[in-house]
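Reader: I'd love a close look at how the helices pack against one another in this model, with a word on the backbone and rings around them. Could you walk me through it?

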Amino acid sequence: MRAHIIAALASCSLLAGCSTEEAKETTAAEPLEKIEWRMTSTYPSTLIQLGTMGKRLERELHEISGGNITLKFYEPGVIAPPFETFDAISYGAIEAGWSTPGYWAGKDSALQLFSSVPFGPSAPEYLAWIDYGGGRELFEEVYHKHNIHSILCGMTPPEASGWFKKEITSMEDFKGLKIRFFGLGAKVLEEIGASPQLIAGGEIYQALELGTIDATEYAMPAVDYRMGFYQVAKHYYFPGWHQQSTFFELMINLDAWNSLSPLHQRQIEATCSSNIRYGISEGEALQADAMTALEAEGVQIHTWPPEILAELENAWNKVAANMAQEDPEFARVWESLQSFRKKYKAWSDRGYLKD
């Protein structure tokens, strides 16, 4: 501080003079207010990637801010039920939440397009649309209508397509299938005659074991292995056509966000950017060993035949068209993503080696 004051005094003298008090005023920084917020989570902290990225956010943000921001992680249900997180943050009952936009289809269907998209983009393409294709601006516009400022704050690689008690050999096998499924992919399964339902992560194993559901998808092999699904279902399908990459988010009450200093806002955004990189690199590194462990448990790993994937993609195109017709906000976001992907294809088809 003394050096800063001396430098300020020197500058003042060169500029025809100013008082010592004026120099002190121009150099003394106001102490930053300490922020102590509660962050409820829709995922338990012990759940690899889905929950651990939220815990990492808590830790890293405290360090990056020099202890000025405390974002205390609360387990699901401790201060808000998982599926009530949106309302609790919107009304200001809780300052922040750790989740994924795909959970809030009932609040605004367009939000699902910022989580994962059937037959959608890989992580690099998805990030390119968010950062340089207008995605982020649309994301904030949709959320701000609900008094929430959300920051994309984590990302995971492709998910598995799901666990089935019986092998799936044709589209007919989906008819009447009771399956836990997430997001827009559930709409696709409904379109082809399945009976999808959204069940919280902690309840899936029991539902599968008791026969309440016949099948389930949840996450990537490393996560699914920890969940123990292999103990009650042995048929595991790839690729995860419904989630080729998935965003996670830090939801913040909009009034609380606007009350922050610019420095605090930048620190939160920088920490979330770091969390996205971490999520992708960790996620890619974990899956091979998990698949080996699952095979050792007697799991049969299947690859969807091209004809089934084609039928699923046709169903998705129909679902997307219907949703765009029914919801102008969904249509606006969908058009933005589709336009970007069409332009991006000129690069992706030429720039990358094909398998």
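Author: Happy to; what follows goes through three helix pairs, then an aromatic pair and some backbone details.

A word on confidence comes before the helices. This is a predicted model, and the protein averages a pLDDT of 91, with 91% of the residues scoring at least 70. The stretch to treat separately is residues 1-29, where pLDDT stays under 50. For that stretch the model has 12 contacts beyond four places in sequence.

Let's begin with helix α3, residues 52-64, and helix α11, residues 262-296. Their axes come within 10 Å and cross at roughly 140°. That angle makes α3 oblique to α11, and the crossing is right-handed. On the α3 side, the contact is made by Met53, Arg56, Leu57, Glu60, Leu61 and Ile64. On the α11 side, the residues are Gln267, Ile268, Thr271, Cys272, Ser274, Asn275, Arg277, Tyr278 and Gly279. Sorted by class, this contact of α3 with α11 has 7 nonpolar, 5 polar and 3 charged residues.

The next pair is helix α7 (residues 183-191) with helix α12 (residues 306-326). Here the axes come within 9 Å and cross at roughly 110°, which means that α7 is roughly perpendicular to α12. From α7, Leu184, Lys187, Val188, Leu189 and Glu191 take part. They meet Leu312, Ala315, Trp316, Lys318, Val319 and Met323 in α12. The class count for α7 with α12 is 8 nonpolar and 3 charged residues, with no polar ones.

For the third pair, turn to α6 and helix α13, the latter covering residues 328-351. These two pack at an angle of about 165°, with their axes 10 Å apart. Because angles over 145 degrees count as roughly antiparallel, α6 and α13 are described as roughly antiparallel to each other. Their crossing is left-handed. Leu138, Glu141 and Val142 of α6 make the contact with Glu329, Arg332, Val333 and Ser336 of α13. By class, α6 with α13 brings together 3 nonpolar, 1 polar and 3 charged residues.

Now for the rings. The model has 28 aromatic pairs by the ring-centre rule. One of them joins Tyr43 and Phe248, and it is edge-to-face, with 5.7 Å from centre to centre and 65° between the planes. Tyr43 sits in the loop between β1 (35-41) and α3, while Phe248 belongs to strand β10 (residues 246-253), so this pair ties together parts that are 205 residues apart in sequence.

The backbone has a few details worth checking too. As background, most residues other than glycine have a negative phi, and most peptide bonds are trans. Against that, a cis peptide bond joins Phe238 and Pro239, with omega about -5°. Pro239 lies in the loop between β9 (235-238) and β10, and β10 is also the strand that holds Phe248.

Two residues that are not glycine have a positive phi. Phe119 has a phi of about 55° and is found in the loop between β3 (96-99) and α5 (123-132). Asn147 has a phi near 60°, and its place is the loop between α6 (135-144) and β4 (148-156). That brings us back to α6, the helix that packs with α13.

Note on methods:
Residues are numbered from 1 along each chain as its sequence is written. This is a predicted model: local features need pLDDT of at least 70, side-chain atom pairs count only at pLDDT 80 or more; totals for chains, interfaces and linings use all residues. Side-chain values use heavy atoms; hydrogens and water are left out. Axes are lines fitted to C-alpha atoms, for helices over the stretch in contact, and angles run from 0 to 180 degrees between N-to-C directions. Helices (H or I, at least four residues) and strands (E, at least two) are DSSP runs, numbered from the N terminus. Angles under 35 degrees count as roughly parallel, over 145 as roughly antiparallel, 65 to 115 as roughly perpendicular and the rest as oblique. A crossing is left-handed if the near helix is turned anticlockwise from the far one by less than a right angle, and right-handed if clockwise. Contact means heavy atoms within 4.5 Å. Ala, Val, Leu, Ile, Met, Phe, Trp, Tyr, Cys and Pro count as nonpolar, Asp, Glu, Lys and Arg as charged, and the others, Gly among them, as polar. pLDDT is the predictor's confidence in each residue, from 0 to 100. Rings of Phe, Tyr and Trp (its six-membered ring) pair if their centres lie within 6.5 Å; planes under 30 degrees apart count as stacked, over 60 as edge-to-face and the rest as tilted.
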